[in-house]
Amino acid sequence: PVRARWRPAQSCCRAPMDKWTKEAVELLRDVEKAAWLPPAQPEKVLTVVSKIVDLYRRGDELQKADGFDGTLPSSVMGPRVYMLTLARLQRCLLAYLRCRMERIEALRWDVAGILPEENKAMLSENEIGYAERYNELLVEFQQAYDLELTRDYQPPEDLYVRVNVLQTIGQFIGPESGQALDLKRGDHTVLRRGDIEHLIRQGLIEHSR
Amino acid sequence: EACARPVFDAARSGCGMEEPSSSGTAASPNDYHALQTAWINERHAPDLLPHQDDLLGRIKEAISKQEARIEELGDGEGIARSLYEMELERVNFQFRNYLRTRLEKISRMAIWASQQAEAEAAANPEAAPSLLSPAEANFLRKYLSLYQDHIDAEAWDKVAGGREELPSGIRQISAVPSLVIVPDMSSHVFCRALRSCEPFTLPNSTQVLKLSEGDIVLLPYQPVRHLLLNGSIQLT
């Protein structure tokens, strides 16, 4: 006797709806599971957009066909189903794109500078352009107030903090005190909190207890 | 917080510190508290409050004067320097957090914010805009066009003729209800009454509320918004 093979939950009874929304739902699932962002998938986005256009054309055709009567529910039902599916695809697609935009912005606030290469690899070309233009907007805004906004994420507790330097950073000017600092791996020093706050965020320095 | 009076205060009452020339600063102790109040209100309010560019300008001046004062301090005045610097850090933190909070609201609810700004401009064409500062209005305008351009490039232009064929009701971000994030005006906020307020009613209720000075209450935001705007209450 042939034993029944285990079938996954998405069985054939859901096939008709999946036909239209499969890619859109997959995109959303990927974005939900990713730590930051999944790699860009321009082919899937293209498929979703083509389906949106296809649905729109079909609805349009029905409305332009002979005998279409806009007042009859039976006439209107066809285009309405197409438009509702189209609306769902549009919501999914735009939510996916918007989620990616928001995470790119969050990363820009976190890193406060150029995006790391491994993150950039996940972005499509347009998104890299988006990241750059958003960066320009932020710089312009900060210049209007002459204030760096990517500092002081935590309320200040002490002027000075005792830290361990985990990686060699080299010479730089402390943004808070304006002094030249030179940090090498293994240093234990007391520094102005405002000077090294961004380095703590990046994990290059840690508080020592 | 309560123990150390802000040095803006102490400098005026002359608690013994050498005060170099210009103590006629544009900012006063009131401005320090005004910044703090504005910051806390902005943090707790679900919608965007009117901008405070004048106050921020004065605070910015006071910050540079404070920095100049710090430079002028001699080596022997370590404690005074620490006090000045700590206060400066606190003011800077509030300033930055205030601007960041507003910017985050503008970015998240960009479409709604621009609708509010347009409605305000339509209602009072003569008056200067009170909701968004010029820098914020500039940011919002460019951010929205960046948003729309990005969606166009990433989605609608992928298909040949997509932009021509699909109607703007599908392509425009402002026409998509799921993208228009609005603040939750019915969310509850803790309010502290700074003075006696005129009576008002809550929606869907005939109960009349009258707040007297010092009352702390938890109320939905929408009915008390006018009190917040005229300074009768403070969010906390």
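User: Is the crossing of α5(B) and α6(B) left-handed or right-handed?
Analyst: This is a predicted model, in which local features need pLDDT of at least 70 and side-chain atom pairs count only at pLDDT 80 or more, while totals for chains, interfaces and linings use all residues. Residues are numbered from 1 along each chain as its sequence is written, chains are lettered from A and ligands numbered from 1 in written order, and side-chain values use heavy atoms, without hydrogens and water. A crossing is left-handed if the near helix is turned anticlockwise from the far one by less than a right angle, and right-handed if clockwise. The crossing of α5(B) and α6(B) is left-handed.

User: Which orientation class describes α5(B) and α6(B)?
Analyst: Helices (DSSP runs of H or I, at least four residues) and strands (E, at least two) are numbered from the N terminus. Helix α5 (residues 110–123) and helix α6 (residues 134–154) of chain B pack at about 130°, with axes 10 Å apart, the axes being lines fitted to C-alpha atoms over the stretch in contact and angles running from 0 to 180 degrees between N-to-C directions. Angles under 35 degrees count as roughly parallel, over 145 as roughly antiparallel, 65 to 115 as roughly perpendicular and the rest as oblique. The class of α5(B) and α6(B) is therefore oblique.

User: Which strands stand at the edges of the open sheet in chain B?
Analyst: Strands pair if DSSP finds at least two bridges between them. The three strands have the order β4-β1-β5, with antiparallel pairing. Each edge strand has a single partner, so one side is left without a neighbour in the sheet; these strands are β4 (216–220) and β5 (233–235).
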